[in-house]
Amino acid sequence: MSNRLTRIYTRGGDKGETSLANGNRVSKASLRVEVLGAVDELNSALGVLDAHLRYERKVVHPFVREIQNRLFDIGGELAVADSEYVVIQAAMVEALECELDQLNEQLPPLKEFILPGGNIAAAHCHMARAICRRAERLFVALQESEAINPEAMRFLNRLSDYLFVYARSLANEDGACEVFWQKSR
């Protein structure tokens, strides 16, 4: 593989614009760049979760890395900004659903609302879930004005569900408990 970047800074963004992968210049405040940023933030939050699982708990969960790669693919679709460039496929959404179903089958039935937390790993996962929801909302807003791969939207929607179930699984994994909402009296 050749070097992708020979210099990290280009000075091209000093006036508030950035280049998409297709060469078009856009405002850094554009909705497309907002979505790209939210997807990148989500990927970073998953990196924190993965690092915690690997180094603090000595657990390897390869599906977290799989998700990170798919998020990079979504970022690529957004950066290319061409409705003909499609990476995320229905099969990827179905794989996510399969993982979600397998995790959910192992959990006790959900009878109460859950507060984010339970243990550090579950809290990191809940944070990623919240970021995923924001990315999803921004994606919907962009989809209202531009043609975007609908499978990428489905992937983000299912991913937030997966992260909720995964957070529950992590909270129950080491004897910790989920934190249930207590109604005001």
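A helix, in this account, is a run of at least four residues that DSSP labels H or I, and helices are numbered from the N terminus. With that in hand, look at L163, which is found in helix α5. Keep in mind as you explore that the model in front of you is predicted.

Let us step back to the whole chain before returning to that leucine. The chain holds five helices and four strands. Starting from the N terminus, you meet these elements in the order β-β-α-α-α-β-α-α-β. Taken along the principal axes, the C-alpha atoms fill a box of roughly 50 × 40 × 35 Å. The chain has 185 residues, and 38% of them count as buried. On the outside, the chain exposes about 11,000 Å², with carbon and sulfur atoms supplying 52% of that area. How much of the contact network joins residues at least 24 apart? Among contacts between residues at least 6 apart in sequence, the share is 73%.

Now back to L163. Is this residue buried or exposed? Its relative accessible area is 1%, and buried means under 20%, so L163 counts as buried. Which residues touch L163, once neighbours within four places in sequence are set aside? They are L42, L46, C125, A128, R129 and C132. Two of these partners, L42 and L46, carry numbers that fall within helix α1, which spans 31-56. You can also try a distance on the model: the C-alpha atoms of L163 and N149 are separated by 22 Å, and these residues are 14 apart along the chain.

Next, turn to the aromatic rings. A pair of aromatic rings is described by the distance of the centres and the angle of the planes. A search of the whole structure finds three such pairs. One of them joins F63 and Y162 in an edge-to-face arrangement, with 5.4 Å from centre to centre and 65° between the planes. This pair links distant parts of the chain: F63 sits in helix α2 and Y162 in helix α5 (residues 150-173), 99 residues apart. Both F63 and Y162 are buried. Together with Y166, these two residues form one aromatic cluster.

Another edge-to-face pair is made by F113 and W181, whose rings are 5.7 Å apart centre to centre, with 75° between the planes. Why can we say that this pair ties together separate parts of the chain? F113 lies in the loop between α3 (90-105) and β3 (114-115), while W181 lies in the segment after β4 (179-180), so the pair connects parts that are 68 residues apart in sequence. F113 is exposed, at a relative accessible area of 61%. W181, at 40%, counts as partly exposed.

The structure also has open space to explore. Rolling a probe the size of a water molecule over the atoms shows where empty space is left. The largest pocket has a volume of about 560 Å³. It is lined by 20 residues, and the closest to its centre are L36, F72, G75, G76 and A79. Which elements each supply at least two residues of this lining? They are β1 (17-19), α1 (31-56) and α2 (62-80). The largest share, seven residues, comes from α2. In chemical character, the lining divides into ten nonpolar, six polar and four charged residues.

Helix α1 is also where you find R32. Although arginine is in the charged group, R32 counts as buried at 9% relative accessibility. Apart from neighbours within four places in sequence, R32 is in contact with L20, E77, L78, A81, L142 and E146.

One of those partners, A81, deserves its own look. A81 lies in the loop between α2 and α3. Its phi is near 55°, a positive value in a residue other than glycine. With 30% relative accessibility, A81 counts as partly exposed.

Finish the walk in helix α3, the place of D101. D101 counts as partly exposed, at 44% relative accessibility. The C-alpha atoms of D101 and V35 are separated by 28 Å, and the two residues are 66 apart along the chain.

Notes: Residues are numbered from 1 along each chain as its sequence is written. This is a predicted model: local features need pLDDT of at least 70, side-chain atom pairs count only at pLDDT 80 or more; totals for chains, interfaces and linings use all residues. Side-chain values use heavy atoms; hydrogens and water are left out. On a 1 Å grid over the protein atoms alone, a cavity is a set of points where a 1.4 Å probe fits but cannot get out, and a pocket is an open set with protein on both sides within 12 Å along at least five of seven lines; lining residues have an atom within 4 Å of a point. Grid points are joined across faces, edges and corners, and a volume is the space filled by probe spheres set on the points. Rings of Phe, Tyr and Trp (its six-membered ring) pair if their centres lie within 6.5 Å; planes under 30 degrees apart count as stacked, over 60 as edge-to-face and the rest as tilted. Buried means under 20% relative accessible area, exposed over 50%, partly exposed in between (1.4 Å probe, protein chains only). Contact means heavy atoms within 4.5 Å. Accessible areas come from the Shrake-Rupley method with a 1.4 Å probe; for residues, only the protein chains shown count as cover.
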